[in-house]
Amino acid sequence: MFKSKIDKNPHGYYFIAPFFISFIVFGLGPILYSFYLSFTNWEGFNEPAFIGLANYERLIHDTLFYKSILNTLVIWIFSIIPQLTIALTLALVLHEKFIRGRHLFHAIFYFPNIITPITLGVMFALMFDWQTGSINQFLVSIGVIEEPIYWMNNVWTSRAIVALTIMFQNFGFNMLVFLAGLQAIPKDLYEAAEIDGASKFQTAVKITIPLIRPVLIFTLITSVIGGLQIFDAPLMLGKGPDNSTVTMIMNLYEAAFVRYDYGYGATIAYGAFVVIAIATIITFLIPGVRKKKEA
Amino acid sequence: MKQSLEIKSTSVITDKELKAKKRKSLIIITLIWIMLIISAIICLIPFYSMIITSTHANSEIARKLLMTPGDKFLDNYKRLVEVVPIWRGFANSLFITLISTVLGLYFSAMSGYGFSKYQFKGNSFLFACVLGTMMVPGQLGIIGFFRLMNEMGLINTYWPIILPSISNAFALFFFKQVADNSVPKEIVEAARIDGSREITIFHRVALPLMGPSLATLGIFLFIGKWNEFLQPMILLFDNKLQTLPVMIASVRSQFNVDYGAQYVGIVISIIPILIVFAIFSKQIIGNVMAGAVKE
């Protein structure tokens, strides 16, 4: 009895210490150090020397940086709209009572999500290859086109293919999140609606959609943060004509680890961070997002 | 009797309508089934196409659409493994991922428990800091990380790839909620009165109570680590140490006209995951959905 009166609360520090040590060494430290490096001319072999705002001046005049923002946003919009639509449609359908073999469908649609993005990127690069890709072979063999299409050599088709890859990777995960949201809706609400004679469409619009709105909003927010950081799969699909599929993080990677312009790479990283932060804030400003998040 | 008679009299009028309604819903159900099956096929075709194409010689791949298996898989495979030690990459990835997942689970559970059960000074402030880091994109500090690891002599080792798993903000957040809900304060107090040390209470009492959630989060941590690309890519120079995603990326660049070998690389990176997923898909999907609800 006596022992329990001793305050054990400070022991909590021991429990959270490993997390914070690792976080400071591998997370916060590098982030602050990157900030310093973004003001230097470090190119790998030299000692970093302070050059003031030169890198930032270069960044705001760098057309490739703006282009990479535009590319990322375009690819994000191209992928997020079909992705969420397909995920929601499939979730609503698979939630229906008459569906048999539900688990098999869950597994099939979720499978692309556990495949490494690099692998998916190479897969789509091979499928949409100009001369040997199976998509072109298929279209030629059924007579839709006569000559193979050079997909990756057109600004819009190359962006669409990158978006398609991202969509293919993520729709199954979003579908599972939506399904989890649907299963959390109490069954008696549907029974009540059925007794009142509501049609399937009315039930979906009046009960299902409002009740899974928090889930939809959560998905939207995470997909903004994740969708603007796309890197692996687009890297495998190449830069597109005139850099039209270079994403923000690809631009950072190329500057730092291909051209060894590390100081400027750190500047691009901070530039990209600002863009992602602004996009996140804008998402929170969409009417209804904040309110529902708190609820 | 009276009731049934009444029903009969009205059903004469609605009999036709009822049949029409039934037929209509049967048509809709059929259409939904067809749509569902077509989407499942579209989702699987890319994987099927990869496997089929990997069994053909380059000349065939370039010439026509391939639908049936060929017999050149071993030839393609031999050319691939002569240059890229892909199974070694597989083993490396497995090694890194398993250790990282175990470390991540243990320390995240520990710090989540610490935040949940000890009211030390600055608890809520530090927890808010952890949540704040979740908004920061992962690549922000990558340049500083690279240089710091280089200075510390950790480059070309697995340490900077494995150790950061200790501080995963998302996992900490998840486990704090788990500890809040499934580890009652009374049990901790009781163990304390029995004279257990704080760390023993965590190991013997709290960790077993948090057990089921370890599986849920373990899957997320495992998939995340398995897919990691940029960190191993920039930190490891020795080809023999590289992980599978980096090796797949290098297959793409080293075999840029040898399509057969590229297809084999893709198949090798997909098949083991497919087998594991086929065995554990129920558990994996259940856990992903459980994780989605907790968020």
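Guide: Two residues are said to be in contact here if their C-beta atoms, placed from the backbone, lie within 7 Å. Keep in mind from the start that this is a predicted model.

Visitor: Which elements does helix α13 of chain A pack against through its buried residues?

Guide: Within chain A, the buried residues of α13(A) pack against α4 (63-94), α12 (232-237) and α14 (262-285). From chain B, α6 (142-151) is also a partner.

Visitor: How many of the residues in that helix are buried?

Guide: A residue counts as buried if 20 or more other C-beta atoms lie within 10 Å of its own. By that count, eight of the 11 residues in helix α13 (residues 248-258) of chain A are buried, and the helix is mostly covered. The buried ones are A:Met248, A:Ile249, A:Met250, A:Asn251, A:Leu252, A:Tyr253, A:Ala255 and A:Ala256.

Visitor: What should I look for on either side of this helix?

Guide: Look at the backbone angle phi. After α13(A) comes A:Tyr260, with a positive phi near 55 degrees. A:Tyr260 is a residue other than glycine, and its place is the loop between α13 and α14 of chain A. On the other side, A:Asn243 lies in the loop between α12 and α13 of chain A. The phi of A:Asn243 is also positive, near 60 degrees, and this residue is not glycine either.

Visitor: Why do A:Asn243 and A:Tyr260 count as partly exposed?

Guide: The partly exposed class falls between 12 or fewer neighbours, which is exposed, and 20 or more, which is buried. A:Asn243 is partly exposed because it has 16 C-beta neighbours inside 10 Å. A:Tyr260 is partly exposed because it has 13 such neighbours inside 10 Å.

Visitor: How many residues does the largest nonpolar core have?

Guide: The largest nonpolar core has 135 residues. Those with the most contacts inside it are A:Phe124, A:Met175, A:Leu176, A:Phe178, A:Leu252, B:Tyr113 and B:Phe175. Helix α8 (residues 155-183) of chain A gives the most to this core, with 15 residues. A:Leu252 was met above as a buried residue of α13(A).

Visitor: Which residues does A:Leu176 touch?

Guide: Leave out residues up to four places away in sequence, and A:Leu176 touches A:His106 and A:Tyr110 in chain A. In chain B, A:Leu176 touches B:Ile285, B:Val288, B:Met289 and B:Ala292.

Visitor: How many residues are in contact between chain A and chain B?

Guide: An interface can be read by counting the residues on each side. Here 72 residues of chain A are in contact with 74 residues of chain B. On the side of chain A, helix α2 (residues 12-37) supplies the largest share, 16 residues. Sorted by class, that side of chain A has 49 nonpolar, 20 polar and three charged residues.

Visitor: What is the overall build of each chain?

Guide: Start with the secondary structure. Chain A has 15 helices and zero strands, while chain B has 14 helices and zero strands. The radius of gyration of chain B is 28 Å, well over the 19 Å given by the globule rule for 295 residues, so chain B is more spread out than a compact globule. For chain A the radius is 24 Å, where a compact globule of 295 residues would be near 19 Å. Along the principal axes, the C-alpha trace of chain A spans about 85 × 75 × 35 Å, and that of chain B about 85 × 70 × 35 Å. Buried residues make up 41% of chain A and 37% of chain B.

Visitor: Where does the division of chain B into domains fall?

Guide: Domain 1 of chain B covers 2-63 and domain 2 covers 84-254. Taken over C-alpha atoms, the centres of these two domains are separated by 43 Å.

Visitor: Which elements of chain B have the lowest and the highest mean pLDDT?

Guide: Where pLDDT is low, predicted coordinates should not be read in detail. Helix α1 (residues 2-53) of chain B has the lowest mean among the elements of that chain, 78, and helix α7 (residues 159-162) the highest, 94. Over residues 1-11 of chain B, pLDDT stays under 50, and the model has zero contacts there beyond four places in sequence. Chain B as a whole averages 87, with 95% of its residues scoring at least 70. For the complex, the predictor gives an ipTM of 0.86 and a pTM of 0.88.

Terms used:
Residues are numbered from 1 along each chain as its sequence is written. Chains are lettered from A and ligands numbered from 1 in the order in which they are written. This is a predicted model: local features need pLDDT of at least 70, side-chain atom pairs count only at pLDDT 80 or more; totals for chains, interfaces and linings use all residues. Helices (H or I, at least four residues) and strands (E, at least two) are DSSP runs, numbered from the N terminus. Ala, Val, Leu, Ile, Met, Phe, Trp, Tyr, Cys and Pro count as nonpolar, Asp, Glu, Lys and Arg as charged, and the others, Gly among them, as polar. Domain bounds come from an automatic or database domain assignment. A nonpolar core is a set of buried Ala, Val, Leu, Ile, Met, Phe, Trp, Tyr and Cys residues joined through C-beta atoms within 7 Å. pLDDT is the predictor's confidence in each residue, from 0 to 100. The radius of gyration is taken over C-alpha atoms; the globule rule is 2.2 Å times the number of residues to the power 0.38.
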